[in-house]
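Thank you all for making time this morning. I would like to walk you slowly through one protein chain, so please look at the sequence and the model as they come up.

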Amino acid sequence: AAGEIKIGTYSTGGHSGAVMFQTSRNATIGSAATIVTDDQYLGYVDALGANGSAFTNSSRITFEVDGTPVSGHGVPGRIGFYTSGSAGFTEKMRIEASGNVGIGTTAPQALLQVQGVISGSSTATFGGHLTLGNTSHANHIYTYYKNTNTPSDGWSVGAQNAGRFQITEQGVADQMWIDEGGVTTFNGNVLPSANNTKDLGSPSYRWANIYTSDLHLKNEVGD
């Protein structure tokens, strides 16, 4: 069909067609004597579209050097994915030589790092640890459960830089928190889920002391 490029291989070996980009910093064609440098483009594929006056970039896949090559060894590489949008023609995702994948970031520090909001319509399952926010604990690490599309309207759960875990009602107050020593504080009433069916403590695990300004007991006080 018009506008198509087809690459076909017919061989008993079963290998498919290939497109190869071969880059050197040596001016002699075919010479690999001069090593490529970090961040150098090895090749890219562009898709352009007409905007009424010119053909402009719509999307791009780049192949770049990702590190300092060593003579006689493989060249570390990364793949970048670019698209054009309201922010211009910018990189949206990359796969680095380390295997780290970054979406919305050019410096992923994990196998997958996303800079921005992630939305899902199904269940996410993790076989290991799940860390939310800044792993240095310099800021709050929150997960928002929003009642609306406004982050200030809902609940957040996470750690705080003073070393406590807390549950916060956004725009209202911290409603519960656990300090590093295990002391738990509630910013409101603590009620059982059903009347006269729940216990506070047990015969084997009793509270040592109870401090209260007023105490109301319905049944007899045990030993």
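Let me begin with a pair of charged side chains, Glu 91 and Arg 94, which form a salt bridge whose closest N and O atoms are 2.6 Å apart. Before I go on, I should say that what you see is a predicted model, and every value I give you today is computed from that model. As for why such a pair can arise, side chains of opposite charge can pair when their charged atoms come close.

Are the two partners buried or exposed? Glu 91 has a relative accessibility of 17% and counts as buried, and Arg 94 is buried too, with a relative accessible area of 10%. The cut-off behind that word is a relative accessible area under 20%, so the value of 17% for Glu 91 falls on the buried side.

Arg 94 has a further partner, since its side chain also meets that of Glu 96 in a salt bridge, with 3.5 Å from N to O. Glu 96 is likewise buried, at a relative accessible area of 15%.

How many salt bridges does the structure hold? The count comes to seven, and another of them joins Asp 39 to Arg 78, with the closest N and O atoms 2.7 Å apart. This pair links distant parts of the chain, because Asp 39 lies in the segment before strand 1 while Arg 78 lies in strand 3, which covers residues 77-85, and the two are 39 residues apart. Here the surroundings of the partners can be set side by side: Asp 39 is partly exposed, with a relative accessible area of 46%, whereas Arg 78 is buried, at 7%. Asp 39 and Arg 78 also belong to a network of salt bridges, in which they are linked with Glu 64 and Asp 66.

Let me now step back to the chain as a whole. Its secondary structure comes to zero helices and 11 strands, so if you read the elements from the N terminus on, you meet β after β along the chain. The chain has 223 residues, of which 14% count as buried. The chain exposes about 17700 Å², and carbon and sulfur atoms supply 53% of that area. If we take the contacts with a separation of 6 or more, residues 24 or more positions apart account for 13% of them.

Part of that surface deserves a closer look. Ile 5, Ile 7, Val 19, Phe 21, Val 45 and Ile 61 make a nonpolar surface patch of about 600 Å², and one of these residues, Ile 7, lies in the segment before strand 1, the strand that covers residues 41-50.

We can turn next to the aromatic rings. A search of the whole structure finds three aromatic pairs, and one of them is formed by Tyr 41 and Tyr 44, which meet edge-to-face, with 5.6 Å from centre to centre and 75 degrees between the planes. Both rings belong to partly exposed residues, Tyr 41 having a relative accessible area of 31% and Tyr 44 one of 41%. Tyr 44 has a charged companion as well, for the charged end of Arg 60 sits over its ring, 4.6 Å from the centre.

Tyr 41 also leads us to Thr 23, which has its place in the segment before strand 1 and is partly exposed, with a relative accessible area of 31%. Which residues does Thr 23 contact, if we leave aside its neighbours within four places in sequence? They are Val 36, Gln 40, Tyr 41 and Leu 42. The C-alpha atoms of Thr 23 and Ile 35, which are 12 residues apart along the chain, are separated by 9.4 Å.

My last stop is Glu 169, in strand 9, which covers residues 164-169. Glu 169 is partly exposed, at a relative accessible area of 25%, and, not counting residues up to four places away in sequence, it touches Gly 154, Trp 155 and Gln 175. Its C-alpha atom is separated by 6.6 Å from that of Ser 156, although the two residues are 13 residues apart along the chain.

Thank you for listening, and I am happy to go back to any of these places on the screen.

Terms used. Residues are numbered from 1 along each chain as its sequence is written. This is a predicted model: local features need pLDDT of at least 70, side-chain atom pairs count only at pLDDT 80 or more; totals for chains, interfaces and linings use all residues. Side-chain values use heavy atoms; hydrogens and water are left out. Rings of Phe, Tyr and Trp (its six-membered ring) pair if their centres lie within 6.5 Å; planes under 30 degrees apart count as stacked, over 60 as edge-to-face and the rest as tilted. Buried means under 20% relative accessible area, exposed over 50%, partly exposed in between (1.4 Å probe, protein chains only). A charge sits over a ring if NZ of Lys or CZ of Arg is within 6 Å of the ring centre and within 35 degrees of the ring normal. Helices (H or I, at least four residues) and strands (E, at least two) are DSSP runs, numbered from the N terminus. Contact means heavy atoms within 4.5 Å. Accessible areas come from the Shrake-Rupley method with a 1.4 Å probe; for residues, only the protein chains shown count as cover. Patches are made of residues with over 30% relative accessible area and no salt bridge: like charges are joined within 9 Å, nonpolar side chains (Val, Leu, Ile, Met, Phe, Trp, Tyr) within 5 Å. A salt bridge is a side-chain nitrogen of Lys or Arg within 4 Å of a carboxyl oxygen of Asp or Glu.
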